[in-house]
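Please work through the exercises below with the sequence and the structure open beside you. Each one sets a task and then gives a solution in steps.

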Amino acid sequence: MATAGKVIKCKAAVAWEPNKPLVIEDVEVAPPQANEVRIKIVATSVCHTDLYQLFECKNKDGFPIILGHEAAGIVESVGPGVTEFQPGDKVIPLCISNCRECRFCKSPKTNQCDRGWASLGYDIMAGPDSRFTCKGKKVLQVMGNGTFSQYTVVDQAAVAKIDPSAPLDKVCLIGCGICTGYGAAVNTAKVEPGSTCAVFGLGAVGLAAVMGCKAAGAKKIFAVDINPEKFEKAKVFGATDFVNPKDYDKPISQVLAEMTNGGVDYSLECIGNVEVMRSALESCVKGWGVSVLVGWTDLHDFAARPIQLIAGRTWKGSDLGGYKVKDGVPELVKAYLDKKLKVDEFITHNMTLDQVNDAIELMKHGKCIRTVLSVSPQ
Ligand SMILES: NC(=O)c1ccc[n+]([C@@H]2O[C@H](COP(=O)([O-])OP(=O)(O)OC[C@H]3O[C@@H](n4cnc5c(N)ncnc54)[C@H](O)[C@@H]3O)[C@@H](O)[C@H]2O)c1
Ligand SMILES: [Zn+2]
Ligand SMILES: [Zn+2]
């Protein structure tokens, strides 16, 4: 590899400040250090968590930053101590690690890992360290990734090797949105056959949750969104009933309770809104209802009446669908290749990295499910 061990100069979209368009810049990407992998990003998509960093969290200490964490690429070079990857491997970088060695990785109960950015930087959505510089300044990597760049460097614990036949411009979506929603239904909620579910928010995460509920055998799946344009897509993934809270003058939990003889068995909040998290909990049936927080926010506390839980409901959260990513992500890629998992249906737009601001605007205005940006030629 002609570039191994050298700094790579390439194009990346830099978020210099909150609330401002990203700027395509020439950046320097340092070689991978011990236990790191440098990846040529072939395709990346935009997930709402990138918008959270840019428009909602807006913590100035989290800038400048390279956003993007739903991607697929090819290993360019590896740092000392890396044996699992070789140049040329097809990989998906991930925003949670799976070191296989820590207390959490050793437990079958969780996919949380002690390694990586998360324990260091929920406030700024990035760790303090970065391999990017631009105009002499350090540029952070969102959630240890930073895939709105032709090259990035990621800790090997947060990289999954995938089937070499996988089309990278499709399976990039499995790196965040699809594994998150699908896993939240099958792994975290543990939806049962014959059950009734409600999914709040029909972006890629919510639609993947609908797909997970259907795969788990749910009999009725209520798709809830304030944007009725999303309902048609929800049908494609298996939703059976469609509810727009704006069509009712009573709480949506009451509407759902009336439609389901007391509430759904499972509800999943896929928006990142603490009010809706409460509604989703209250939409569950007493006795055994399970509600899962999937939407991301660290800005507000949530609230609920204790009686909701005392009466037998369970409130849980799910990070990347509960998958231990090194195994779970390649398995989902395989399921897609075996035509057991829908992926193409999430892609509503294809663009190039220099159109990243258009892709962000589409999501901000609810006009897309996922936009895939082609970044580097394969
Ligand atoms: N937990 C995780 O591991 C994880 C991973 C990825 C994304 N996320 C989070 O999941 C959420 C969804 O991500 P996405 O990429 O699908 O986003 P998106 O913006 O594409 O979709 C959000 C949907 O919610 C709908 N919505 C907004 N407010 C609503 C309301 N009050 N009631 C009903 N519907 C409403 C919107 O119309 C939209 O269809 C975000 O919060 C994102 O940060 C979490
Ligand atoms: Zn994401
Ligand atoms: Zn670990």
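The exercises that follow concern a predicted model, and they take up its metal sites, a sheet, two helices, some salt bridges and a single residue.

**Exercise 1. Describe the site of the zinc ion (ligand 3), naming its donors and its geometry.**

Solution. Begin with the donors: the zinc ion (ligand 3) is coordinated by the SG atoms of Cys-99, Cys-102, Cys-105 and Cys-113, at 2.3 to 2.4 Å. Next, consider the angles among these four donor atoms, which run from 104 to 116°. Four donors count as tetrahedral if all angles lie between 85 and 135 degrees, and the site of the zinc ion (ligand 3) is accordingly tetrahedral. For comparison, the ideal angle for four tetrahedral donors is 109.5 degrees. Then read the donors along the chain, where their spacing is C-x2-C-x2-C-x7-C. The pair Cys-99 and Cys-113 links distant parts of the chain, 14 residues apart, with Cys-99 in the loop between strand E6 (90–93) and helix H2 (103–106) and Cys-113 in the loop between H2 and helix H3 (118–121). Finally, check accessibility: Cys-99 and Cys-113 are both buried.

**Exercise 2. Carry out the corresponding analysis for the zinc ion (ligand 2), and locate Cys-47 and Cys-176 in the chain.**

Solution. The donors of the zinc ion (ligand 2) are Cys-47 (SG), His-69 (NE2) and Cys-176 (SG), at 2.0 to 2.3 Å. Water is not among the atoms, so sites may look incomplete, a caution to keep in mind when reading this list. Along the sequence, the donor residues are spaced C-x21-H-x106-C. Here the pair Cys-47 and Cys-176 links distant parts of the chain, 129 residues apart: Cys-47 lies in the loop between strand E3 (36–45) and helix H1 (48–57), whereas Cys-176 lies in the loop between helix H4 (168–171) and helix H5 (177–189). Both Cys-47 and Cys-176 are buried.

**Exercise 3. Determine the strand order of the five-stranded open sheet, and explain what sets E1 and E4 at its edges.**

Solution. The order of the strands is E1-E2-E7-E8-E4, and the pairing is mixed. Strand E1 (8–14) and strand E4 (65–66) each have a single partner strand, so one side of each is left without a neighbour in the sheet. For a closer view of one pairing, take strand E7 (residues 132–134) and strand E8 (residues 137–141), which run antiparallel and are joined by three bridges. Within this pairing, Phe-132 stands opposite Val-139 in E8.

**Exercise 4. Work out how the buried residues of helices H8 and H9 are arranged, and what they pack against.**

Solution. In helix H8 (residues 252–259), the residues Ile-252, Ser-253, Val-255 and Leu-256 are buried. They cover an arc of only 160° around the axis, and therefore they lie on the same side of H8. The buried residues of H8 pack against strand E11 (196–200), strand E12 (220–224), strand E13 (241–243) and helix H9 (274–282).

In H9, the buried residues are Val-274, Val-276, Met-277, Ala-280 and Leu-281. Viewed down the axis of H9, these fall within an arc of 155°, so they line one face of the helix. The partners of the buried residues of H9 are E11, strand E14 (266–269), strand E15 (290–293), helix H10 (306–310) and strand E16 (314–317).

**Exercise 5. Locate the salt bridge between Lys-135 and Glu-25, and state whether each residue is buried or exposed.**

Solution. A search of the whole structure finds 17 salt bridges. In the one between Lys-135 and Glu-25, the closest N and O atoms are 3.2 Å apart. Lys-135 lies in the loop between E7 and E8 and Glu-25 in strand E2 (residues 23–29), so the pair ties together parts that are 110 residues apart in sequence. Lys-135 is exposed, at 64% relative accessibility, whereas Glu-25 is buried, with a relative accessible area of 10%.

**Exercise 6. Place Thr-188 in the chain and list its contacts.**

Solution. Thr-188 belongs to helix H5, and its relative accessibility of 8% makes it buried. Leaving aside residues up to four places away in sequence, Thr-188 touches Gly-183, Val-292, Lys-316, Gly-317, Ser-318, Gly-321 and Gly-322.

Terms used: Residues are numbered from 1 along each chain as its sequence is written. Chains are lettered from A and ligands numbered from 1 in the order in which they are written. This is a predicted model: local features need pLDDT of at least 70, side-chain atom pairs count only at pLDDT 80 or more; totals for chains, interfaces and linings use all residues. Side-chain values use heavy atoms; hydrogens and water are left out. Donors are N, O and S atoms within 2.8 Å of the metal (3.2 Å for Na, K and Ca); water is not among the atoms, so sites may look incomplete. Four donors count as tetrahedral if all angles lie between 85 and 135 degrees; four count as square planar and six as octahedral if opposite donors are over 155 degrees apart and all others between 65 and 115; anything else is irregular. Helices (H or I, at least four residues) and strands (E, at least two) are DSSP runs, numbered from the N terminus. Buried means under 20% relative accessible area, exposed over 50%, partly exposed in between (1.4 Å probe, protein chains only). Two strands pair if DSSP finds at least two bridges between them. The arc is that of the directions from the helix axis to the C-beta atoms. Contact means heavy atoms within 4.5 Å. A salt bridge is a side-chain nitrogen of Lys or Arg within 4 Å of a carboxyl oxygen of Asp or Glu.
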